[in-house]
Structure formats: C-alpha cells, structure tokens
Amino acid sequence: MSLLLLKDSSLHKAPYYFLLDLCLADVVRSAVCFPFVMASIGGDSTWPYSALICKIVAFMSVLFCFHVAFLLFCVSVTRYMAIAHHRFYYKRMNLCTCVAVICMVWTLSVAMAFPPVFDVGTYKFISEEEQCIFEHRYVKANDTLGFMLMLAVIVGTTHVVYIKMLCFVYDHRKMKPAQLVPAISQNWTFHGPGATGQAAANWIAGFGRGPTPPTLVGIRQASHLGNRRLLVLDEFKMEKRIGKMYYMITLTFLILWAPYISACYLRIFVRGAPVPQLYLTAAVWMSFAQAGANPIISFLFNKELRVRLRACFPCCLGTQTPMEPYCVI
C-alpha cells in the first residue's frame, strides 16, 4: 500500500497523504511492538529485557494508538469539508496543509503518550496481556481515567462528524432538480425562458459567433487557471467513495479496539475486576490486527486504488488476458 501511494503520482492528493501516514505508522508499530510481544510469549509471559526497553515499547504502543485516533478525526473533518465546502477544500488542502495537519497529529499523540515517561501514570509489563503497556489503575488513583476518556472523546467526535456529513448528503439528495424550459429559437436568435443557457451551450459547442456570452464571462478564463469551484457529479462520487473508505477504517478501528478498551474501563471503575484471560488475549491480538486491516479495507472500498494497483503492479495480480488488435472488415 505504502509503495503504491509513493510510486503513483496520480495518488499524490490530500486524502492519500493521510492514508500514507496511517500505513507507515501501522508498519512502524508492527515492526517495533509485535516482536517484543512474541518474545514475551516465548518467555512464558515474562519480560526478558530491561525496564527501559519496556518503557520505550509501551510509549511507542500508546503513541501509535493515539496517532490513529487523532488522524482519523482530522480526516473526518477534511472529508466533511470536501463534501460540504468543496471550494474552500480545493483551494486550501494542498501538500503543505496536509504536512501541517500530520505534524499536528504527531505532536498531540506525543503529548498524550509522554507523561507516563515522567511517572504520570505507569508504563510496565502486564503479564496477563503479555506486553508492555500503560497500566490501567482504579479510578481513585486517577492518572488513568483521563487518557481513556480522551481516546473515547476523539473516537466519538469522529463519528459525529461522519453523521453530520451523512445528513448533509441526505438533505441535498432531497433537493428537487431544476426544471429546464427549452428556449424558443427563431433564426438562431434565442429568447424566452432558458435563452441565456441555450446561447451559452451553442457557443461552447462551436456554433456561436461574436463575443463570449455574458453567462460564460470569467468561466473559460478560470478553467485555464485551474480554479475549479463546484463539486461536479464525478468529483462528488469520488469524494463520497473516499469518505466511505475512511469511515470503514474508523469503524474497524473502533470494533477491533473496543474489547481491549472495555477491559481497561472495567479495571478503572471496578477494583480488582476479574477479566478472563482468553478474553484479554483475544482483545490484545485484535488491537494488533487493526494495522493489517487498514490496507484491505482501503482496496475493498476504493476503486481508484484497485485501478492504480493494476496499473503499477500488474505482476502482482496474476496473468491477464492479452488484448489483441483487430480490424473490422
């Protein structure tokens, strides 16, 4: 996925810059955290390394969790802007803006993951989870609840933005289409309702003579400068597909992390809460599976990515029937 986004210049657009950052973060998290989990499993649920390495691994794990949450929230805001405020989105969402948003996301993630390094909270090896992670304490210790509430608020707000975008699309679907009244023509001179639009259409088709019709003044010049302003049907469908893809990524993140987050909340609000070992093990593995699910969801719900994958890596998709030239007699 990351190679495709880097290689194909047609994918160098705002939504795919965020997807690239998400994929690279998932790769780094898997490369850094997963081997240590396997090492602890091989060591009979004990930590075979030093406390410093445990703290670093736990910091990285929490960092990438909050990074995904913050990034998906920012993406949801940009998706809403792409649908509801397309002119502003088209003008402002360039490479520099995307880099600024990504840097802000990483800064916020570091701010959330760094306090336990200074013992505001604790990073330690949890033998039941077979990993180094934030220790979730009872609510009266009160250095755990803030982190979990922040994560819940981010995920909840992200869904609120998508619901608002869905309501916007639904409201605009109910709008009645404009009733086109044909113009009256006499010797190529148009008058009556729709005359201006008919004259403009003829001029665009090459039948017009003389100066540019008033309706088209400024439009042709703007098209040469690339100042596109309205969200046409094809663009709307593309933005909607990308929004659907990102919402499915967000929903998958919530589903795969929900069992583990539920266990954390149970520990916070119920002192000495017994969490079944099988449930806890499955919850930890589901949180790691989220990194591998993102590329699959991206290809399933985005036709453009599938097309570009076939174009850039045809050898990865098996043999295809060659197209032979033919002629009509």
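Among contacts in the chain between residues at least 6 apart in sequence, those joining residues at least 24 apart account for 71%. The model is a predicted one, and its secondary structure consists of 11 helices and four strands. Of the 329 residues of the chain, 40% count as buried.

The largest nonpolar core contains 80 residues, of which F18, L19, Y246, I249 and L305 touch the most other members. Helix α3 gives the most to this core, contributing 22 residues. For I249, contacts were examined with neighbours within four places in sequence left aside; the residues in contact with I249 are then L19, L22, L72, N294, I297 and S298. L19 thus appears both among the core residues that touch the most other members and among the contacts of I249.

Helix α3 also holds A69. The relative accessibility of A69 is 3%, so this residue counts as buried, the cut-off being under 20%. When neighbours within four places in sequence are set aside, A69 is in contact with L151, I154, T158 and F253. A69 and M150 are 81 residues apart along the chain, and their C-alpha atoms are separated by 9.9 Å.

A search of the whole structure finds one disulfide. This bond is formed by C54 and C132, whose sulfur atoms lie 2.1 Å apart. Because C54 belongs to helix α3 (residues 51–84) and C132 to strand β2 (residues 131–134), the pair ties together parts that are 78 residues apart in sequence. The disulfide of C54 and C132 is left-handed, because the torsion about its S-S bond is about -115°. Both partners are buried: C54 has a relative accessibility of 4%, and C132 has one of 2%. C264, by contrast, is in no disulfide; the nearest cysteine sulfur to that of C264 belongs to C65, at 9.1 Å. With a cut-off of 2.5 Å between sulfur atoms for a disulfide, the 9.1 Å between C264 and C65 therefore does not qualify. C264 nevertheless counts as buried, at 1% relative accessibility. Another buried cysteine is C23, for which the relative accessibility is 6%.

The space in the largest pocket amounts to about 390 Å³. Its lining is made up of 16 residues, and the closest to the pocket centre are M165, L166, K240, G243 and K244. Two elements give two or more residues to the lining of the largest pocket, namely α6 (145–173) and α9 (233–269). Helix α6 gives the most, with eight residues. By residue class, the lining of the largest pocket divides into 10 nonpolar, four charged and two polar residues.

Several of the residues described above fall within the two helices that line the pocket. The range of α6 (145–173) takes in L151, I154 and T158, which are in contact with A69 of helix α3. The range of α9 (233–269) takes in F253, also in contact with A69, as well as Y246 and I249, which are among the core residues touching the most other members.

Key: Residues numbered from 1 in each chain as written. Predicted model: local features only at pLDDT ≥ 70, side-chain atom pairs only at ≥ 80, totals over all residues. Heavy atoms only, no water. Buried < 20%, exposed > 50% of the residue type's maximum accessible area, 1.4 Å probe, protein only. Core = buried A, V, L, I, M, F, W, Y, C linked by side-chain atoms within 4.5 Å. Contact = heavy atoms within 4.5 Å. 1 Å grid on protein atoms, 1.4 Å probe; cavity = no way out; pocket = protein on both sides within 12 Å on 5 of 7 lines; lining within 4 Å. Points joined across faces, edges and corners; volume = space filled by probe spheres on them. Nonpolar A, V, L, I, M, F, W, Y, C, P; charged D, E, K, R; others polar.
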